[in-house]
Amino acid sequence: MRRILSIDGGGIKGVFPASFLATIEEAIGGPVAQYFDLIVGTSTGGLIALGLGLGMRAADLLGFYERQGPVIFGGNRFARLLRHVGVSKYGTEGLRSALEGAFGKRRLGESAVRLVVPSCNLETGEVHLWKTAHHPRLERDYRTHAVDVALATAAAPSFFRPHRSPAGSPFVDGGVWANNPVGVAAVEAVGLLEWPRDTIRVLSLGCTTTPLDVNLGRKLPLGWMYWGPRIVNVFMAAQSSAALGTAEHLVGKDNIFRVSPSVPHRFALDDVSEIPSLRGLGETEARKALPNIRSRFLTERAEAFAPVYSVETN
């Protein structure tokens, strides 16, 4: 059996999947990453994926959000508003410092689990998937520092400036095309790793969901003043639906277990005041889902990952 963990993007809402996984770890008494053959995460989900791969417990990652969230998304609110008009809402110094404190100088290739982390190259307009060396074709990314991968996948346009890789390429948040990376995960498993579809199980964690509501936009020919503030929500909802459809087609609907509770109000990507609510929601949903997750994903540990290329020997 091959088990995949997929984690959506969502800024500070990453507290939800971190809390969910921390509750699961508390129940099983060990690192949850040991039960998965592949972890795929976008943006904040990419940060969690990297942390899990590098040996951090989910509780450590939850603590990271609680301690560093107010620093990353901090500063004077009025000053942020003025900055947001012309430049990125936040500087990257706080985010980089927090990531360096968590990951140090460790590289992607030091992950004990296969990882895939989406981003987008602004120079070419092409998608970029940062991957561990889990296939002979994957000869370069594993040497990249985890901090650079994290900054590339989390550089949400208008919130943070693009991240320049050491080679000079500008990258932005993988959420612009794969905020829900479950489709990417299924393609990687079936297309590249060639795992038989009937052996694959996917745990897909969102960062909460708010029902799409465009109100008058469903009936009237409204323009940019109306659609401007709403269009990103439409894109994100459509992308997530397409990703789930792709994954269901490739590995079978019954082999995907999706957790992303519907909430009556939309948690903001940078509203750190909601951290306690997101933590509580993650714990509640994990306790409800635990019986199903235990039987589907936690019966035995995954086989040890042996990368094709090793950072120790290159």
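**Exercise 1. The lining of the largest cavity**

Task: Determine which helices each supply at least two residues of the lining of the largest cavity in this predicted model.

Solution.

Step 1. Helices α3 and α5 each supply at least two residues of that lining.

Step 2. The lining consists of Leu47, Met56, Leu61, Phe64, Leu99, Ala102 and Phe103. Of the elements involved, α5 gives the most, with 3 residues.

Step 3. By residue class, the lining divides into 7 nonpolar, no polar and no charged residues.

Step 4. The space in this cavity is about 30 Å³. A search of the whole structure finds 1 cavity of 30 Å³ or more.

**Exercise 2. The packing of α3 and α5**

Task: Establish how the axes of α3 and α5 are arranged, and state which residues of the two helices meet.

Solution.

Step 1. Two packed helices are described by the angle between their axes and the distance between the axes.

Step 2. Helix α3 spans residues 58-72 and helix α5 spans residues 93-103. Their axes come within 9 Å and cross at roughly 155 degrees.

Step 3. Angles over 145 degrees count as roughly antiparallel, and α3 is therefore roughly antiparallel to α5.

Step 4. The crossing of this pair is right-handed.

Step 5. From α3, the residues Phe64, Gln68 and Ile72 take part; they meet Gly94, Leu95, Ala98, Leu99 and Ala102 of α5. The contact comprises 6 nonpolar, 2 polar and no charged residues.

Step 6. The contact can be set beside the cavity of Exercise 1. Phe64, Leu99 and Ala102 belong to the contact between α3 and α5, and Phe64, Leu99 and Ala102 also line the largest cavity.

**Exercise 3. The packing of α8 and α10**

Task: Carry out the corresponding analysis for helices α8 and α10, giving the angle at which their axes cross and the residues that make the contact.

Solution.

Step 1. Helix α8 covers residues 182-192, and helix α10 covers residues 231-251. The two axes come within 7 Å and cross at roughly 25 degrees.

Step 2. Angles under 35 degrees count as roughly parallel, so α8 and α10 are roughly parallel to each other.

Step 3. The crossing of α8 and α10 is left-handed.

Step 4. On the α8 side, the contact is made by Val182, Gly183, Ala186, Val187 and Val190. On the α10 side, Ala243, Leu244, Thr246, Ala247, Leu250 and Val251 take part.

Step 5. These contact residues divide into 9 nonpolar, 2 polar and no charged.

How values were computed: Residues are numbered from 1 along each chain as its sequence is written. This is a predicted model: local features need pLDDT of at least 70, side-chain atom pairs count only at pLDDT 80 or more; totals for chains, interfaces and linings use all residues. Side-chain values use heavy atoms; hydrogens and water are left out. Axes are lines fitted to C-alpha atoms, for helices over the stretch in contact, and angles run from 0 to 180 degrees between N-to-C directions. Helices (H or I, at least four residues) and strands (E, at least two) are DSSP runs, numbered from the N terminus. Angles under 35 degrees count as roughly parallel, over 145 as roughly antiparallel, 65 to 115 as roughly perpendicular and the rest as oblique. A crossing is left-handed if the near helix is turned anticlockwise from the far one by less than a right angle, and right-handed if clockwise. Contact means heavy atoms within 4.5 Å. Ala, Val, Leu, Ile, Met, Phe, Trp, Tyr, Cys and Pro count as nonpolar, Asp, Glu, Lys and Arg as charged, and the others, Gly among them, as polar. On a 1 Å grid over the protein atoms alone, a cavity is a set of points where a 1.4 Å probe fits but cannot get out, and a pocket is an open set with protein on both sides within 12 Å along at least five of seven lines; lining residues have an atom within 4 Å of a point. Grid points are joined across faces, edges and corners, and a volume is the space filled by probe spheres set on the points.
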